[in-house]
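Student: I have a structure open and would like to talk it through. Can we start with what kind of model this is?

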Amino acid sequence: HLVRAMLEAIVFSLRHTAEVLEATLGKPRVLLMSGGLGQADFWVQMVADCFQIPIQTTSTLENSALGAALFALKGAGILPDYQLIGQWFPPVRTYQP
């Protein structure tokens, strides 16, 4: 029970960060996950349940730095729309809340 509580604390911390982003960008219809977290069914389902939106995993394993670069491109006006990102990273699997 202690380990699950720690995992849930991490997920709720992610949710808190997402709420800050939602205030600026609006609520997403879906989230993309990659890396180690995106490879573990248990984690991904826990995030989907907490966020109450579908989570899609991608075949790309490490998107953190790439995501930061995409935010920078959007901020600089080079990337016109966040919707393009979904085209670059097609989902492998979708988890429903």
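Tutor: We will go through the model, then salt bridges, the surface and the buried parts. This is a predicted model, where local features need pLDDT of at least 70 and side-chain atom pairs count only at pLDDT 80 or more, while totals for chains, interfaces and linings use all residues. Residues are numbered from 1 along each chain as its sequence is written, and side-chain values use heavy atoms, with hydrogens and water left out.

Student: OK, salt bridges. How many are there?

Tutor: The count comes to 4 salt bridges. A salt bridge here is a side-chain nitrogen of Lys or Arg within 4 Å of a carboxyl oxygen of Asp or Glu.

Student: Why would side chains pair like that?

Tutor: Side chains of opposite charge can pair when their charged atoms come close.

Student: What does Arg4 pair with?

Tutor: Arg4 forms a salt bridge with Glu8, at 2.9 Å from N to O. The two are 4 residues apart in helix H1, so about one helical turn separates them. Helices (H or I, at least four residues) and strands (E, at least two) are DSSP runs, numbered from the N terminus.

Student: Are those two buried or exposed?

Tutor: Arg4 is partly exposed at 43% relative accessibility, and Glu8 is partly exposed at 29%. Buried means under 20% relative accessible area, exposed over 50%, and partly exposed in between (1.4 Å probe, protein chains only).

Student: And which residues does Arg15 bridge to?

Tutor: Arg15 forms a salt bridge with Glu19, the closest N and O atoms being 3.5 Å apart. Arg15 also meets Glu22 in a salt bridge, at 2.8 Å from N to O. Shared partners join Arg15, Glu19 and Glu22 into one network of salt bridges.

Student: How covered are those three?

Tutor: Arg15 is buried, with a relative accessible area of 14%. Glu22 counts as buried at 18%, whereas Glu19 is partly exposed at 41%.

Student: Where does Arg15 sit relative to Phe51?

Tutor: Arg15 lies over the face of Phe51, at 5.3 Å from the ring centre. A charge sits over a ring if NZ of Lys or CZ of Arg is within 6 Å of the ring centre and within 35 degrees of the ring normal.

Student: Which helix is Phe51 in?

Tutor: Phe51 is in helix H3 (residues 41-51), where Trp43, Val44, Met46, Val47, Ala48, Cys50 and Phe51 are buried.

Student: What covers them?

Tutor: The cover includes helix H1 (2-25), strand S1 (31-33), helix H2 (35-39), S2 and strand S3 (91-95). Just after H3, Gln52 takes a positive phi of about 60°.

Student: New topic. Where is Thr57?

Tutor: Thr57 lies in strand S2, residues 55-58. Thr57 counts as buried because its relative accessibility is 5%.

Student: What does Thr57 touch?

Tutor: Leaving out residues up to four places away in sequence, Thr57 touches Met33, Gly38, Val44, Pro90, Pro91, Val92, Arg93 and Tyr95. Contact means heavy atoms within 4.5 Å.

Student: Last one: what about Val3, buried or exposed?

Tutor: Val3 counts as exposed, at 54% relative accessibility. Val3 has its place in helix H1.
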